[in-house]
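Biologist: Could you take me through one residue and its surroundings?
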Amino acid sequence: MKKMVFSIVGLAALTAATGCMAVSATDNSRGVKSTREVVAIGNEVYIVDTRTGDVRKLDISNAKPFSTPAADSEGEVKASDMN
């Protein structure tokens with residue numbers, strides 16, 4: 001009986017010495033951690049600080065969508081050229 005109790009206590013001590021399992025289950029999805037989140041409601045955009053609850057409205061009146069340069073069509077093969 002003493003040997004079984006000693007084994008259980010030893011396993012518990014070994015588990016405690018290796019660290020808490022919950023620490024390794026943190027959110028590692030982002031490289032940079034931030035307490036700020038961007039929220040869009042209708043046509044308005046806000047930055048919300050999730051730690052303090054502060055909210056700031058962003059001025060997006062001069063915002064432009066990203067655009068990529070058009071691809072050169074000389075190297076492309078059209079489906080009609082395959083016949």
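Modeller: The following exchange concerns Asp-49 and its strand. This is a predicted model, in which local features need pLDDT of at least 70 and side-chain atom pairs pLDDT 80 or more, whereas totals for chains, interfaces and linings use all residues. Residues are numbered from 1 along each chain as its sequence is written, and side-chain values use heavy atoms, with hydrogens and water left out.

Biologist: Where is Asp-49 found?
Modeller: Asp-49 belongs to strand E2, residues 44-49 (strands are DSSP runs of at least two residues, numbered from the N terminus).

Biologist: Why does Asp-49 count as buried?
Modeller: Asp-49 counts as buried because its relative accessibility is 11%, and buried means under 20% relative accessible area with a 1.4 Å probe, protein chains only.

Biologist: Which side chain of opposite charge is nearest to Asp-49?
Modeller: That is Arg-51, 4.4 Å away, and Asp-49 has no salt bridge. A salt bridge requires a side-chain nitrogen of Lys or Arg within 4 Å of a carboxyl oxygen of Asp or Glu; Lys and Arg count as positive, Asp and Glu as negative, and His and the chain ends are not counted.

Biologist: And what does the side chain of Asp-49 reach in Arg-51?
Modeller: The Asp-49 side chain reaches the backbone nitrogen of Arg-51 at 3.0 Å.

Biologist: Changing topic, how does E2 pair with E3?
Modeller: E2 and E3 (residues 55-58) pair in the antiparallel sense over four bridges; pairing requires at least two DSSP bridges between the strands. Val-48 has Val-55 in E3 as its bridge partner.

Biologist: What lies between E2 and E3?
Modeller: Five residues lie between them in a hairpin, and Gly-53 in the turn has a positive phi of about 90 degrees.

Conventions. Buried means under 20% relative accessible area, exposed over 50%, partly exposed in between (1.4 Å probe, protein chains only). A polar contact is a pair of N or O atoms within 3.5 Å; within protein, one must be able to donate a hydrogen and the other to accept it, and residues adjacent in sequence count only if both atoms are side-chain atoms.
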